[in-house]
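Work through the exercises below with the sequence and the model in view. Try each task before reading its solution.

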Amino acid sequence: MGARSKARKRAVDLLFEAAVRGSDPVTIMADRVGSPDVPPINDYTVALVEGITSHRARIDELLTEHAEGWSLARMPAVDLAVLRLGLYELLWAQDVPDAVAIDEAVQLAKSLSTDDSPRFVNGVLGRIAGIADRLRATL
């Protein structure tokens, strides 16, 4: 697993933990940065968690629009964390190609969630990727 893939996995872990605890992911992450009790947090993980948190309202709005038949509350917390990460990279991470953002999210869903999750994540992010250029123009 490459450094960025590991950073993505760590970001999903932090987002998931924050959702389960009802906490802010940036606060959880900040409490761990520099702590001798946990491995160092990669700069890309920090960028992802901060970026997802700062754009969360828009990310959730887009997920609600494009996750046909699924409300955010109905989604498993891990799938929602993976989708938030994938959508953030798709629209805001200019150095990540769309196909890589989707593939990385699908791989995370394969390793962390149910058998149906990779197809679901791929479908939602694929629908949004189809209009990504138009969405980026409005960000």
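**Exercise 1: a residue in helix α8**

Asp133 is found in helix α8, which runs over residues 132–138. The model is a predicted one.

Task: decide whether Asp133 is buried or exposed, and find which side chain it joins in a polar contact.

Solution. Step 1: take the relative accessible area of Asp133, which is 59%. Step 2: compare this value with the cut-off, where exposed means over 50%. Asp133 is therefore exposed. Step 3: look for a polar partner; the side chains of Asp133 and Arg136 are joined by a polar contact of 2.7 Å. Step 4: for a view across the model, go from Asp133 to Thr53, which lies 80 residues away in sequence and 22 Å away in space, C-alpha to C-alpha.

**Exercise 2: Ser117 and Ser5**

Task: place Ser117 and Ser5 in their helices, and say whether each is buried or exposed.

Solution. Step 1: Ser117 belongs to helix α7, residues 117–129, while Ser5 belongs to helix α1, residues 3–21. Step 2: buried means under 20% relative accessible area. Ser117 has 2%, so it is buried. Ser5 has 16%, so it also counts as buried. Step 3: list the polar contacts. The side chain of Ser117 makes one with the side chain of Ser113 at 2.8 Å and one with the side chain of Thr114, also at 2.8 Å. The side chain of Ser5 is joined to that of Glu104 by a polar contact of 2.9 Å. Step 4: leave out residues up to four places away in sequence, and Ser117 touches Asp79 and Ala109.

**Exercise 3: helix α6**

Task: compare the span of α6 with the expected one, and find what covers its buried residues.

Solution. Step 1: α6 covers residues 98–112, which is 15 residues. Step 2: its first and last C-alpha atoms are 21 Å apart, close to the 21 Å expected at 1.5 Å a residue. Step 3: mark the buried residues of α6, among them Glu104 and Ala109. Glu104 is the partner of Ser5 in the polar contact above, and Ala109 is touched by Ser117. Step 4: the cover over the buried residues of α6 includes α1, α5 (77–91) and α7.

**Exercise 4: Ala7 and helix α3**

Task: find which residues Ala7 is in contact with, beyond its neighbours within four places in sequence.

Solution. Step 1: Ala7 is found in helix α1 and has 2% relative accessibility, so it counts as buried. Step 2: its contacts beyond those neighbours are Asn42, Tyr44, Thr45 and Leu48. Step 3: check these against α3, where Tyr44, Thr45 and Leu48 are among the buried residues. Step 4: at the start of α3, a side-chain oxygen of Asn42 comes to within 2.5 Å of the backbone nitrogen of Tyr44. Step 5: the cover over the buried residues of α3 includes α1, α2 (25–32), α4 (56–66) and α5.

**Exercise 5: the largest pocket**

Task: describe what lines the largest pocket, and which residues lie nearest its centre.

Solution. Step 1: the largest pocket holds about 190 Å³ of space. Step 2: 13 residues line it, and Leu15, Ala19, Arg56, Leu80 and Arg84 lie nearest its centre. Step 3: α1, α3 and α5 each supply at least two residues of this lining. Step 4: sorted by type, the lining has nine nonpolar, two polar and two charged residues.

Terms used
Residues numbered from 1 in each chain as written. Predicted model: local features only at pLDDT ≥ 70, side-chain atom pairs only at ≥ 80, totals over all residues. Heavy atoms only, no water. Helix = DSSP H or I, 4+ residues; strand = E, 2+ residues; numbered from the N terminus. Buried < 20%, exposed > 50% of the residue type's maximum accessible area, 1.4 Å probe, protein only. Polar contact = N/O pair within 3.5 Å; in protein donor to acceptor, adjacent residues only side chain to side chain. Contact = heavy atoms within 4.5 Å. Expected span 1.5 Å × (residues − 1). 1 Å grid on protein atoms, 1.4 Å probe; cavity = no way out; pocket = protein on both sides within 12 Å on 5 of 7 lines; lining within 4 Å. Points joined across faces, edges and corners; volume = space filled by probe spheres on them. Nonpolar A, V, L, I, M, F, W, Y, C, P; charged D, E, K, R; others polar.
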